[in-house]
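Trainee: Could you take me on a close look at one part of this structure, the pockets and the helices around them? I would like one connected account that I can follow with the model open beside me.

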Amino acid sequence: MKVKILYFASIREKLGRDAEDVELPPGVATIAGLRTHLRSRGGAWAEALAEGRLLRAALNQDMAQPAAAIKAGDEIAFFPPVTGG
Amino acid sequence: MKVSVQKEDFDLGAEVKAISANPKIGAVATFTGLVRDVAMTLEHYPGMTERAIAQIVEQARSRWQVMDCTVIHRYGKLRPNDQIVLVAVASAHRGDAFAACEFIMDYLKTQAPFWKKEQGADGARWVEAKATDDKAAERWK
């Protein structure tokens with residue numbers, strides 16, 4: 001299945017990209033699963049999405065927990081904790 | 001109810017006037033956030049940011065009597081003393097206006113996707129989220 005992934009702020013800078021469309025292998029079914037899958041690319045991906053790093057995720061523009069299920073066509077975003085206001 | 005995520009500056013007086021017309025309104029509470037000493041760039045998530053703020057305003061409306069409300073948050077390059085954010089809440093009485101205004105600000109700080117990058121003398125750095133902001137939002141639960 002294909003999903004759209006967006007990256008913001010320090011994550012975007014570390015990865016050198018702000019968006020991509022990704023075809024996911026079977027078995028990647030949650031936000032946490034997607035994060036692990038992207039980490040397996042190694043290099044900047046392993047670092048920016050490292051397990052210990054405090055990250056937030058959004059699913060179709062709503063804040064989402066790691067266990068949230070993803071489906072084809074979803075828009076998923078990864079970013080650091082927010083600092084507006 | 002107005003939510004705007006914009007590059008442009010805003011006029012506090014004009015925004016307050018715009019939500020004060022109803023003669024049943026007896027109180028307008030406003031909060032204006034300013035850039036302190038360091039120039040910064042504010043990044044956001046177009047679409048989600050507006051949506052997140054609108055949801056926060058809806059939560060405030062379900063808890064307090066809010067007759068009108070305006071939230072404006074800027075993005076892009078900002079300099080010291082620039083205005084960043086405005087929350088203005090109109091109610092019949094001050095209690096609701098004060099509480100809703102503070103609630104919206106506290107939730108905006110922890111829920112709305114904005115990220116500040118400060119441009120210091122020794123280079124640029126992303127601002128870290130503060131635990132005190134999480135605490136401020138927690139107390140409304």
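Mentor: Happy to. Let's start with what the largest pocket is made of: its lining divides into 24 nonpolar, nine polar and 15 charged residues. Keep in mind as we go that this is a predicted model. The space in this largest pocket comes to about 1000 Å³. Its lining counts 48 residues, and the closest to the centre are A:Leu55, A:Arg56, A:Pro80, A:Pro81 and A:Val82. Now colour your view by element. From chain A, two or more lining residues each come from α1 (9–15), α2 (31–39), β3 (56–59) and β4 (62–64). Chain B adds α2 (48–63), α3, β7 (114–120) and α4 on the same terms. Of these elements, α2(B) gives the most to the lining, with six residues.

Next, turn to the second largest pocket, which holds about 530 Å³ of space. It is lined by 27 residues, and those closest to its centre are A:Gly85, B:Leu34, B:Arg36, B:Lys109 and B:Lys116. Here the elements that supply two or more lining residues are β2 (27–34), α3 and β7 of chain B. This time α3(B) gives the most, again with six residues. By class, the lining of the second largest pocket has twelve nonpolar, five polar and ten charged residues.

With both pockets in mind, let's see how the helices of chain B sit against one another. A pair of packed helices is described by the angle between their axes and the distance between the axes. For α2(B) and α3(B), the angle is about 150 degrees and the axes are 10 Å apart. Their crossing is right-handed. On the α2(B) side, the contact is made by B:Ala52, B:Ile53, B:Ile56, B:Val57, B:Gln59, B:Ala60 and B:Arg63. Facing them from α3(B) are B:Ala100, B:Phe103, B:Ile104, B:Tyr107, B:Leu108 and B:Gln111. Sorted by class, this contact has ten nonpolar, two polar and one charged residue.

Helix α3(B), residues 94–111, also meets α4(B), residues 131–138. Their axes come within 8 Å and cross at roughly 135 degrees, so the two helices are oblique to each other. This crossing is left-handed. From α3(B), the contact residues are B:Asp106, B:Tyr107, B:Lys109 and B:Thr110, and from α4(B) they are B:Asp133, B:Asp134, B:Ala136 and B:Ala137. The classes here are three nonpolar, one polar and four charged. You will recognise B:Tyr107 from the contact with α2(B), and B:Lys109 from the centre of the second largest pocket.

One last stop is B:Val127, in the loop between β8 (123–126) and α4 of chain B. Leaving out residues up to four places away in sequence, B:Val127 touches A:Thr83, B:Lys116 and B:Glu118. Of these partners, B:Lys116 is one you have already met at the second largest pocket. For a sense of distance, B:Val127 and B:Thr49 are 78 residues apart in sequence, and their C-alpha atoms are 18 Å apart in space.

Methods:
Residues are numbered from 1 along each chain as its sequence is written. Chains are lettered from A and ligands numbered from 1 in the order in which they are written. This is a predicted model: local features need pLDDT of at least 70, side-chain atom pairs count only at pLDDT 80 or more; totals for chains, interfaces and linings use all residues. Side-chain values use heavy atoms; hydrogens and water are left out. Axes are lines fitted to C-alpha atoms, for helices over the stretch in contact, and angles run from 0 to 180 degrees between N-to-C directions. Helices (H or I, at least four residues) and strands (E, at least two) are DSSP runs, numbered from the N terminus. Angles under 35 degrees count as roughly parallel, over 145 as roughly antiparallel, 65 to 115 as roughly perpendicular and the rest as oblique. A crossing is left-handed if the near helix is turned anticlockwise from the far one by less than a right angle, and right-handed if clockwise. Contact means heavy atoms within 4.5 Å. Ala, Val, Leu, Ile, Met, Phe, Trp, Tyr, Cys and Pro count as nonpolar, Asp, Glu, Lys and Arg as charged, and the others, Gly among them, as polar. On a 1 Å grid over the protein atoms alone, a cavity is a set of points where a 1.4 Å probe fits but cannot get out, and a pocket is an open set with protein on both sides within 12 Å along at least five of seven lines; lining residues have an atom within 4 Å of a point. Grid points are joined across faces, edges and corners, and a volume is the space filled by probe spheres set on the points.
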